[in-house]
Amino acid sequence: MLPSTLINLEKARALIADSNGQAQDILASVLAGFGLRNVVRVNTGREAQEELRARPVDLIFTDAQIKDVDGYDLIAWLRRQNSETLRQTPAILVSAHTPLRDVARARDCGASFMVAKPLSPQVLLERILWVARSDRAFIECDVYVGPDRRWRNAGPPVEHPDGRRRDDQAAEIGQAADDNLSQTELDQLVKPQRTAA
Amino acid sequence: MSEVKRTRMKPRLAELMKQPGGIYAADALERAEQALETMREPLLGSISEALVELERLSNPFSVQAIPTLYRLSSDIINFSLAEQINGVERAARSLCELLDEALPNDPTTRAGVTVHVASLKLLHRRVDAEIDQRSILEGLGRILAKARETAKAEAA
């Protein structure tokens with residue numbers, strides 16, 4: 001993200017779901033700094049569901065440990081709604097600490113990103129720009145609904161050529177180097193061959 | 001095998017952000033930092049309150065208090081952006097891990113919680129030059145490693 005990157009969040013509407021009022025204040029203050037002032041705050045996962053059913057938003061921030069319906073289940077619920085707009089709403093999971101038992105849930109619930117607390121304005125703005133601009137695939141199958149999780153080897157997003165992690169692979173890694181093998185060549189790889197002693 | 005539907009996400013947010021106007025990222029970050037600066041003192045006050053509550057609930061320690069202790073420690077992580085040093089966040093994170101992974105009834109868990117709370121009190125509202133946070137955090141790391149070993153041995 002360049003300092004000269006222009007962002008316009010004036011007409012966007014966001015939902016903040018967190019059971020802690022001060023945590024809501026922190027996030028709302030940071031978003032207001034970014035120009036996003038149309039924010040709805042809710043204290044429980046159930047309130048978040050009611051709000052989203054009534055009026056979709058453009059961006060969701062939910063705490064992982066929110067009361068009633070936790071952040072993981074809230075996003076999993078969102079990803080299974082009939083409305084495509086609702087189903088594909090960018091949702092960022094925020095968490096102070098992710099217990100070991102919840103690591104797989106965090107990966108599989110369908111969150112667009114997970115952000116660790118304490119919140120950093122720099123990280124938050126980068127994630128907002130990524131969810132808004134990335135041409136990320138949306139996957140729907142029996143066991144998972146949400147943004148494609150398998151993009152580690154697909155190379156960094158187009159607008160972030162330097163990548164997101166130190167070990168990000170170049171985009172060419174995931175591409176085939178040669179033509180596909182023929183059936184005969186495949187057979188020769190797996191069938192035992194008699195060799196002369 | 002189940003059918004996999006693959007589409008391209010087209011969030012409305014992308015369209016809204018393309019509209020004319022807006023602010024530069026550098027200005028947005030500066031404004032966000034300024035907004036957080038005004039919250040610094042209330043957040044430090046909330047950490048002080050959480051520490052008082054942590055001390056009260058951990059002395060005497062009871063297994064029933066673990067969910068509340070965990071929540072208070074998570075709150076400290078959340079508010080720790082107001083601190084001058086990152087030791088508070090790291091100590092609170094270590095306490096969350098201890099409460100989540102250690103054997104609840106083991107005497108070392110109770111002792112570990114007490115040491116973590118005392119360390120958090122030492123680190124709170126300090127600046128780097130005032131305290132050797134590295135030694136404190138290394139000590140907490142050893143306590144957590146020992147608790148994990150005990151829990152692993154019990155599970156085996």
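**Exercise 1. A residue in a loop of chain A**

In which loop of chain A does A:Asp68 lie?

*Solution.* Begin with the conventions of this predicted model, in which local features need pLDDT of at least 70, side-chain atom pairs count only at pLDDT 80 or more, and totals for chains, interfaces and linings use all residues. Residues are numbered from 1 along each chain as its sequence is written, chains are lettered from A and ligands numbered from 1 in the order in which they are written, and side-chain values use heavy atoms, with hydrogens and water left out. Next, recall that helices (H or I, at least four residues) and strands (E, at least two) are DSSP runs, numbered from the N terminus. With these names, A:Asp68 is placed in the loop between E4 and helix H3 (71–78) of chain A. Finally, look at the backbone there: phi of A:Asp68 is near 70 degrees, a positive value in a residue other than glycine.

**Exercise 2. Confidence**

Find where confidence is lowest and where it is highest in chain A.

*Solution.* The score to use is pLDDT, the predictor's confidence in each residue, from 0 to 100. For chain A the average is 86, and 81% of the residues score at least 70. Within chain A, the lowest confidence is in helix H7 (residues 183–190), with a mean of 75, whereas strand E4 (residues 59–63) has the highest, at 98. Chain B averages a pLDDT of 93, and 99% of its residues score at least 70. For the model, ipTM is 0.90 and pTM is 0.84.

**Exercise 3. The interface**

Describe how chain B and chain A touch, starting with the residues that each chain gives to the contact.

*Solution.* Taking contact as heavy atoms within 4.5 Å, one counts 48 residues from chain B and 55 residues from chain A. The two chains bury about 4500 Å² between them, 58% of it on carbon and sulfur atoms, where buried area is the accessible area (1.4 Å probe) that two parts lose on being put together, summed over both. Of the area that chain B buries against chain A, 17% is supplied by B:Met9, B:Leu13 and B:Met17, more than by any other three residues.

The next step is to look for pairing between strands, for which DSSP must find at least two bridges between them. Strand E1 (residues 6–7) of chain A and E2(B) run antiparallel and are joined by two bridges, and the partner of A:Ile7 in E2(B) is B:Ile23.

**Exercise 4. Charged pairs**

Which residue of chain B forms a salt bridge with A:Asp58?

*Solution.* The rule asks for a side-chain nitrogen of Lys or Arg within 4 Å of a carboxyl oxygen of Asp or Glu. By this rule, B:Arg12 is bridged to A:Asp58, with the closest N and O atoms 2.7 Å apart. Another such pair is A:Arg101 with B:Asp100, where the closest N and O atoms are 2.4 Å apart. This pair crosses between chains, from the loop between strand E5 (91–95) and helix H5 (103–108) of chain A to helix H4 of chain B. Across the interface the rule finds four salt bridges, while the structure holds 27 over all chains.

**Exercise 5. Cis peptide bonds**

Locate the cis peptide bonds that lead into A:Pro118 and B:Pro60.

*Solution.* In chain A, the bond from A:Lys117 to A:Pro118 is cis, with omega near 0 degrees, and A:Pro118 is found in the loop between strand E6 (113–116) and helix H6 (121–133). In chain B, the bond from B:Asn59 to B:Pro60 is cis, with omega near 5 degrees, and B:Pro60 sits in the loop between H2 and H3 of chain B.
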